[in-house]
Amino acid sequence: MYASLIFSILKIILHLLQQVLAVTVRFIQKDAEEKKTSFNPIPYFRLFIGWMPDLSTLDPVFEDAIFQVLTALGTSFHSLQPLKVLAFSFVWLDLVSHRSFMPKLLSGNVQKDWPYFQRLLVDLFQFMEPLLRNAELGYPMRNIVLSAFPRNMRLPDPSTPNLKIDLLVDISQLPRILSEMDATLKTKKMKNDVDEYLKTRPQGTSFLSKLKQLLLSPSEAARARTRYNVPLMNSLVLYL
């Protein structure tokens with residue numbers, strides 16, 4: 001009876017929290033739009049900083065409630081991403097990397113929690129994309145990402161004599177990809193064609209001609225600053 005009462009109260013509190021966060025997000029967006037360069041994000045930063053430690057330190061027995069709190073905050077931060085509220089950028093970065101948010105979200109359930117932080121990372125990289133195109137910044141950043149590996153994994157020494165990469169145990173393990181890697185293929189209606197081509201390799205198939213979709217139209221290329229449909233290309237490579 002007592003436990004049921006506690007969970008009922010928690011449910012009400014979580015619902016109110018979502019409403020409060022939604023109102024706060026709308027107010028920040030409106031304030032930033034109206035004040036432009038005179039917008040001051042610090043009061044809102046302090047508001048979130050005051051909330052997060054209390055909201056994310058619930059008893060572990062309330063695991064589902066903690067998840068809902070963190071995802072509610074993640075959804076709010078997604079709505080306040082730099083591409084939408086530019087003047088909130090530095091505050092936003094502080095909030096999404098805060099010790100009361102990011103570590104707790106990443107230490108939770110991989111399938112449930114991580115996609116919310118993945119979305120925030122995408123928000124960040126989409127905002128930084130024009131800067132990342134700069135070769136001086138882009139290649140070091142790319143190298144950092146590509147050289148990352150789990151802390152509990154020991155990488156083979158590439159200078160080892162007679163090293164056979166294809167015989168390593170880890171090389172046979174498929175990587176765990178949390179995102180829907182074939183989503184773009186489905187959007188472009190290419191997934192079924194890819195599957196059919198890989199199964200039968202029919203003569204005279206129109207599939208190869210559809211690969212032209214990997215190239216952008218001149219207008220799209222001008223906006224994206226590349227001739228290639230990078231999301232579609234990534235989706236195709238990962239799927240294959």
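This tour moves through a nonpolar core, one helix and one pocket of a predicted model. Residues are numbered from 1 along each chain as its sequence is written, and side-chain values use heavy atoms, with hydrogens and water left out. In this predicted model local features need pLDDT of at least 70 and side-chain atom pairs count only at pLDDT 80 or more, whereas totals for chains, interfaces and linings use all residues.

Begin by selecting Phe48, Leu73, Phe77, Leu80, Phe88, Trp92 and Phe101, which touch the most other members of the 30-residue largest nonpolar core (buried Ala, Val, Leu, Ile, Met, Phe, Trp, Tyr and Cys residues joined through side-chain atoms within 4.5 Å; buried means under 20% relative accessible area, with a 1.4 Å probe and protein chains only). Centre next on Leu80, which, leaving aside neighbours within four places in sequence, is in contact (heavy atoms within 4.5 Å) with Val25, Ile28, Gln29, Phe48, Val85, Phe88 and Trp92.

Now select helix 4 (a DSSP run of H or I, at least four residues, numbered from the N terminus), where Ser89, Val91, Trp92, Leu95 and Val96 are buried. Viewed down the axis of helix 4, the buried residues fall within an arc of 160 degrees (taken from the directions from the helix axis to the C-beta atoms), so they line one face of the helix. Ser89 in particular has a relative accessible area of 11%, and, not counting residues up to four places away in sequence, Ser89 touches Pro82 and Phe127.

Terms used. Buried means under 20% relative accessible area, exposed over 50%, partly exposed in between (1.4 Å probe, protein chains only). Helices (H or I, at least four residues) and strands (E, at least two) are DSSP runs, numbered from the N terminus.
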